[in-house]
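Work through the following exercises with the sequence and the coordinates side by side, and attempt each task before reading its solution.

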Amino acid sequence: MSDAPGITLSGRHAIDGTPLFETEISLPARQWTCLLGPSGIGKSTVLRLILGLETGGAFSGEIAATDGKAVHSRVSYMAQSDLLLPWLSVVENVVLGARLRGERPDMARADSLLDRVGLSAHRTKTPRALSGGMRQRAALARTLMEDRPVVLLDEPFSALDAGTRADMQELAAEVLQGKTVLLVTHDPAEASRLGHQILLMSAQEAAPWPVPASDPVRALDDAGALQCQAELMAHLREVQA
């Protein structure tokens, strides 16, 4: 049984005294929560708050794990940008976390993940030799390598073509099974396919959206997921109109 806890965030965030959002978000333990909302509403800020990172603003509220233990030390994070160190090779970037902690990296696991993301032939290259999508896959491999109980993903598949995106979604769902995952996405199809819970964020709340009856990761032609995708897209277009 995974020791991944649930996470709750409740409070208000403001920048220079101007409110950005006030919300209450609950991430169920060992499930994927997909967070959608307009650009600039604060979705990435939510991730940074859970991580305990600087946000450029002030947060008043509480962030807690359901097991009562500290949160930020048990989290792995994949940002919108790949954040690969340009002077390290792909495989060196993948095992960077272990190196920084003074641990001996599991190179067999690193090589296996690089194979799964289709980068085995590029393991010794530096990031500048890779395309944007390849760098994003390398960053995904690094995040999966960390094997933390809580995983925060900020648009992790955005630079990938449709086929590769589907493959990486399935890989992430497999490797992160039993983890508590928060996925920020602008893609209704992605949320409909991966989410145990879907939340729509506004300045006032994070409102739940009905998810398909089937379990994620859902098939690309799953009828419930396709209906959820269509209805969610229509709602987002209406809200943004």
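**Exercise 1: a strand and its partners**

Cys34 of β3 has Ile198 as its bridge partner in β8. The model is a predicted one. Determine which residue is the bridge partner of Cys34 in β7, and state which residues lie on each side of β3.

Solution. Begin with β8 (residues 197-201), which runs parallel to β3 and is joined to it by 4 bridges. Turn next to β7 (residues 180-184), which also pairs with β3 in the parallel sense, over 4 bridges; there the bridge partner of Cys34 is Leu183. Finally, consider the faces: in a regular strand the side chains alternate between the two faces of the sheet. In β3, Trp32, Cys34 and Leu36 lie on one side and Thr33 and Leu35 on the other, and all of them are buried.

**Exercise 2: two helices**

Describe how α5 and α6 pack, and name the residues that make the contact.

Solution. The axes of α5 (132-146) and α6 (residues 162-175) are 11 Å apart and form an angle of about 5 degrees. Because angles under 35 degrees count as roughly parallel, α5 is roughly parallel to α6. From α5 the contact draws on Arg137, Leu140 and Leu144, and from α6 on Thr164, Met168, Leu171, Ala172 and Val175. By class, these residues divide into 6 nonpolar, 1 polar and 1 charged.

**Exercise 3: an arginine in a loop**

Decide whether Arg148 is buried or exposed, and find the backbone oxygen that lies 2.8 Å from a polar atom of its side chain.

Solution. Arg148 is situated in the loop between α5 and β6 (150-154). Its relative accessible area is 19%, so Arg148 is buried, the cut-off being under 20%. The backbone oxygen in question belongs to Ser73.

Note on methods:
Residues are numbered from 1 along each chain as its sequence is written. This is a predicted model: local features need pLDDT of at least 70, side-chain atom pairs count only at pLDDT 80 or more; totals for chains, interfaces and linings use all residues. Side-chain values use heavy atoms; hydrogens and water are left out. Buried means under 20% relative accessible area, exposed over 50%, partly exposed in between (1.4 Å probe, protein chains only). A polar contact is a pair of N or O atoms within 3.5 Å; within protein, one must be able to donate a hydrogen and the other to accept it, and residues adjacent in sequence count only if both atoms are side-chain atoms. Axes are lines fitted to C-alpha atoms, for helices over the stretch in contact, and angles run from 0 to 180 degrees between N-to-C directions. Angles under 35 degrees count as roughly parallel, over 145 as roughly antiparallel, 65 to 115 as roughly perpendicular and the rest as oblique. Contact means heavy atoms within 4.5 Å. Ala, Val, Leu, Ile, Met, Phe, Trp, Tyr, Cys and Pro count as nonpolar, Asp, Glu, Lys and Arg as charged, and the others, Gly among them, as polar. Two strands pair if DSSP finds at least two bridges between them.
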